[in-house]
Amino acid sequence: MNHQIIPMREIHLPQVAALEKLCFPADPWSEALFREALDNPAVAILLAQGEGGAVLGYAVLSAVLDEGNLDDIAVHPEHRRQGVADALLGALTDFGREHLSALMLEVRASNAPAVALYEKHGFAAVGRRKNYYDAPREDAILMTLTFEEIPNETEAAE
């Protein structure tokens, strides 16, 4: 599958909001919420863009100090199992290795393909949130990927 990973821009808002509604019909983010995220310097939104500018998938990462949280990741049903989510997650983990100490996320306990993808990228289950999701009510598995600490200048000089 031909796609490229790019930062989301305002022109992508309608496609991303439509994909969000398709993938998460019970509680989708609104276009306005995505617009706010675009304007927030602590949030990064990456897209997998296909031919003709079609948005195949997206991922949202928010950062607080040196920790990142994978807030949302979605791939159009017609483009799943074609490496789109893998490419998006790879780009986010590469960013994390360069700039963060850890990445965290929650995933539905029943979403075995997503759990397997996260484990492939080095995430490990560290806990559980009871009844975290609605429609249907379900637990979330908490997963974390911790990066090696970058030595500070004093340690590097020794």
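This is a conversation about helix packing and charged side chains in a predicted model.

Student: Let's start with the helices, then. At what angle do α1 and α2 pack?

Tutor: Helix α1 and helix α2, which covers residues 31–38, pack at an angle of about 125°, and their axes are 9 Å apart. The two helices are therefore oblique to each other, and α1 passes α2 in a right-handed crossing.

Student: Which residues make that contact?

Tutor: On the α1 side the contact is made by L13, P14, V16, A17 and E20, while α2 contributes E31, F34, R35 and L38.

Student: E20 is in that list, so where does E20 lie, and what does E20 touch?

Tutor: E20 lies in helix α1, which spans residues 13–23. Leaving aside residues up to four places away in sequence, E20 touches P25, D27, P28, W29, F34, Y58 and D72.

Student: Is E20 buried or exposed, and which side chain of opposite charge is nearest?

Tutor: E20 is buried, yet it has no salt bridge. The nearest side chain of opposite charge is that of R80, and R80 is 9.6 Å away, whereas a salt bridge requires the nitrogen and the carboxyl oxygen to be within 4 Å.

Student: OK, on to salt bridges. How many are there in the whole structure?

Tutor: A search of the whole structure finds 9 salt bridges. One of them joins the side chains of R35 and E10, at 2.7 Å from N to O. R35 lies in helix α2 and E10 in the loop between β1 (4–7) and α1, so this pair ties together parts that are 25 residues apart in sequence.

Student: What other salt bridge does R35 make with E31?

Tutor: The side chains of E31 and R35 also meet in a salt bridge, here at 3.6 Å from N to O. Being 4 residues apart in helix α2, E31 and R35 are separated by about one helical turn. Taken together, E10, E31 and R35 are linked in a network of salt bridges.

Student: Which of E10, E31 and R35 are exposed or partly exposed?

Tutor: E10 counts as exposed, at 53% relative accessibility. R35 is partly exposed, with a relative accessible area of 32%, and E31 is partly exposed with a value of 32%.

Student: Where do R129 and E106 sit, and how far apart are they along the chain?

Tutor: The side chains of R129 and E106 meet in a salt bridge at 3.5 Å, N to O. This pair links distant parts of the chain, with R129 in strand β6 (residues 124–133) and E106 in strand β5 (residues 102–108), 23 residues apart. R129 is partly exposed, with a relative accessible area of 36%, and E106 counts as partly exposed at 21%.

Student: Back to helices. How do α3 and α4 cross?

Tutor: The axes of α3 and helix α4, which runs over residues 112–120, come within 10 Å and cross at roughly 40°. The two are therefore oblique to each other, and their crossing is right-handed. The contact is made by A85, D86 and L89 of α3 and by L117, Y118 and K120 of α4.

Student: One last thing, about E98. Where is E98, and is E98 buried or exposed?

Tutor: E98 is placed in helix α3, which covers residues 84–99, and at 57% relative accessibility E98 counts as exposed. E98 and F147 are 49 residues apart in sequence, and their C-alpha atoms are 9.0 Å apart in space.

Notes:
Residues numbered from 1 in each chain as written. Predicted model: local features only at pLDDT ≥ 70, side-chain atom pairs only at ≥ 80, totals over all residues. Heavy atoms only, no water. Buried < 20%, exposed > 50% of the residue type's maximum accessible area, 1.4 Å probe, protein only. Lys, Arg positive; Asp, Glu negative; His and termini not counted. Contact = heavy atoms within 4.5 Å. Axes fitted to C-alpha atoms, helices over the stretch in contact; angles between N-to-C directions. Parallel < 35°, antiparallel > 145°, perpendicular 65-115°, else oblique. Left-handed = near helix turned anticlockwise from the far one by under 90°.
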